[in-house]
Amino acid sequence: MAENTEEALLKKEDEEEEARGARRRRLRHRREECPGCEIERLKETNRGVPYKLFFYVWIIVLCAALPISSLFPFLYFMIRDFKIAKREEDIGFYAGYVGSAFMFGRALTSVLWGMLADRYGRKPVILFGTVTVVVFNTLFGLSTNFWMAVSTRFLLGSLCGILGPMRAYASEVCRKEYQALAMSIISTSWGIGLVIGPAIGGYLAQPAEKFPNVFSEKSIFGRFPYFLPCLLISVFSLGVMVVACWLPESLHRHGESSEECDIPYEALEAEENKTLKDESQRNEKSCQTSWSLLRNWPLMSSIIVYCVFQLHDMAYTEIFSLWAISPWKFGGLSYSTADVGEVLALSGFGLLLFQLFLYPRVERICGPIVVSRVGAALSIILLSSYPFIAKLTGIILTILVDSASILKNVLAVSITTGLFLLQNRAVTQEQRGAANGLSLSAMSLFKAMGPAAGGSIFSWAQKRQNASFLPGNHMVFFILNVIEALGLLMTFKPFLTQPKD
C-alpha cells in the first residue's frame, strides 16, 4: 500500500515537473517570437548607442512636428484671403482658432492612441499617423475657406497619434544610460520641426508672387497660394511612412494569459529556480499598476509643469509670427513671409547645434531640472526685450531678431527635454504608451488654448497702442512672461517630484 502511494506521489511530481517544463518551453518560444524581447536581447548584446533606431525616431518625430506650426508665417495672409475678418486688427483673432484646431483635436484622442499603442504595438499607430499627415496636411493647403481650414487641422490633430508612442518607443529601444540622449533626440527633432516647418511655410507660401518665372498665377500654386509648403511636407511624410515600414516593434507580446504580462527579459535565466506561484504574484502586481497613472505623482507633476511650458511655447510661436508680419505702426516688424522663414531657419540650425553638442554636457553637469529652471529664467529676461527690439531698424534689427529667436528656441527645448525624461522614468513599459498619451492629451489641451489666447491677446493689444500701462505689444510679452514665471515656480519642491529609479 505504501509503495503504491509513493509511486503515485512520484508520478504526480513527474507530471508537475513536465508541466512546468512545457510551460517554460512555451514561454521561451513566445520570447523568441516576441518583438519586445528581441529588442531586449539587442540591448544586452549591443551596449552602444542604437544609432539606426535613433535615426528612425528622429525622422518620424520630425514628420509629426513639421505640419504643426508650418502655417504660422502665412496664416495672417490666409485669413485675410478668406475675407472673414472685417478689420485688419481682427485677423489675429481668427488666426488663433485655426492654429488651435490641431491641438484641440489631439487633446481629444491622445490617450486613446496611447492605449492602442500599448495594446497593439507602437508601429501600427505610428504608420497610421504618417498616413494622416500625408492626407490632411495636403487638404489643408487646398483650403478655400475658414471652416475648411479649421476642420482639416482638427482632423490632422485628432488622427495623428505619433508623438506619444514615439516617446515611449525611444526609451524602450536603448539602454538606461542612453535614455537622456533618446529624449534629447525627440526634443531636438520636435524643436527643429517647430522652427523648420514655419521656415518652409514662410519661404514657399505664395510662390506665384515670389517666383513668377516658375509658378504662374493660373497654375494650382497660383490658385492655392499656400499649397506648396503643405505639399512639400506631405511628400516628406510619405517618404517617412515608407521608412517606418522597417521600424522594429518594441512592445512585448507573450500571449493572452495575464500570468505572462510583460515578464522582464532579465528574469528569463532565473525563472528556472522560481515557482509558478511567485511568478504569478509578480506579474499580477505588474498588471495592476496600469490603473495607477493618476495616482503617480512624479508622473502627474512632471506632466502639469510640462503643460504650462507648452502653453507658453505655443502662444509664443503664434505671437512671434503675427508680431513679425504685422505692420510697424502696430508695433510689429513689417516682415514678409520669406523674412520670417529666414529667421526660423536660422533658429532651427542653431537649435540643432546646441542640442547635439552642448545640451548633453550641460545636462550631465547641472541635471535636467536645473537646466529647465535656468532656461525659464533667461526666457523671461529675453522676452522682456522684444518690444524694444521692434523699435530698431536695419542690420541691427536683423541681427537682434535672429539672435533672440535662436536663443528663445534653444531655451524652450532645453526646458522640455528634462521633463520628457522624468515622465518616461516615472512608469513601467506596460504603462508607458498610456502615460505618454495622457501627457500628450493634457499638453495638447494647453497648446490648443495657446494660439487662440495668443491670437486674441495680440489682436486686443494692437488696439491699445496708446495705453498708459503696458501699451501694445508690451502687454503681450508681459502675459507670456507671467506664464513662464508660473512654470518656473512649479519646478521647485514640493510640487515637482523626481521619480525613483
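Colleague: Why does Q206 count as buried?
Modeller: The cut-offs settle that one: buried means under 20% relative accessible area, exposed over 50%, and partly exposed in between, with a 1.4 Å probe and protein chains only. Q206 has 9% relative accessibility, so it counts as buried. Keep in mind that this is a predicted model, where local features need pLDDT of at least 70, side-chain atom pairs count only at pLDDT 80 or more, and totals for chains, interfaces and linings use all residues. Residues are numbered from 1 along each chain as its sequence is written, and side-chain values use heavy atoms, with hydrogens and water left out.

Colleague: What else can you tell me about Q206, and where is it found?
Modeller: Q206 is in the loop between α9 (179-204) and α10 (207-210). Its phi is positive, about 55°, although Q206 is not a glycine.

Colleague: What makes a stretch like α4 a helix?
Modeller: Helices are DSSP runs of H or I with at least four residues, strands are runs of E with at least two, and the numbering starts from the N terminus. Helix α4 covers residues 72-82, and nine of its eleven residues are buried. Among them are F72, P73, L75 and F82. Just after α4, K83 takes a positive phi of about 60°. Over the chain there are 20 helices and zero strands, and buried residues make up 56% of the 501 residues.

Colleague: Why is S334 called partly exposed?
Modeller: S334 has a relative accessible area of 42%, so it is partly exposed. S334 lies in the loop between α14 and α15. Like Q206, S334 is not a glycine, yet it has a positive phi, here about 60°.

Colleague: S326 is in that loop too, between α14 (297-325) and α15 (337-366). Is S326 buried or exposed?
Modeller: S326 has 0% relative accessibility, so it counts as buried.

Colleague: How do you know that S326 makes a polar contact with W323?
Modeller: A polar contact is a pair of N or O atoms within 3.5 Å; within protein, one must be able to donate a hydrogen and the other to accept it, and residues adjacent in sequence count only if both atoms are side-chain atoms. A polar atom of the S326 side chain lies 3.0 Å from the backbone oxygen of W323, and that is inside the cut-off.

Colleague: Which residues further along the sequence is S326 in contact with?
Modeller: Contact means heavy atoms within 4.5 Å. Leaving aside neighbours within four places in sequence, S326 is in contact with G332, L333, S334, F458 and Q462.

Colleague: Why is the pair of W323 and F477 called edge-to-face?
Modeller: Rings of Phe, Tyr and Trp (its six-membered ring) pair if their centres lie within 6.5 Å; planes under 30 degrees apart count as stacked, over 60 as edge-to-face, and the rest as tilted. The centres of W323 and F477 are 5.6 Å apart and their planes are at 80°, so both cut-offs are met. W323 sits in helix α14 and F477 in helix α20 (residues 473-490), so this pair ties together parts that are 154 residues apart in sequence. Both W323 and F477 are buried. The pair belongs to one aromatic cluster with Y316, F320 and Y386.

Colleague: What makes the contact of α5 with α14 partly nonpolar, partly polar and partly charged?
Modeller: The contact is made by G92, A95, G96 and M103 of α5 and M314, E318 and L322 of α14. Ala, Val, Leu, Ile, Met, Phe, Trp, Tyr, Cys and Pro count as nonpolar, Asp, Glu, Lys and Arg as charged, and the others, Gly among them, as polar. That gives four nonpolar, two polar and one charged residues.

Colleague: K43 is a lysine in helix α2 (residues 35-45). Is K43 buried or exposed?
Modeller: K43 has a relative accessible area of 14%, so it is buried. Apart from neighbours within four places in sequence, K43 is in contact with E172, V173, C174 and R175. K43 and E172 are 129 residues apart in sequence, but 9.5 Å apart in space, C-alpha to C-alpha.

Colleague: And why is R122 called buried?
Modeller: The relative accessible area of R122 is 0%, so R122 is buried. R122 lies in helix α6 (residues 122-141), and a polar atom of its side chain is 3.3 Å from the backbone oxygen of A117.
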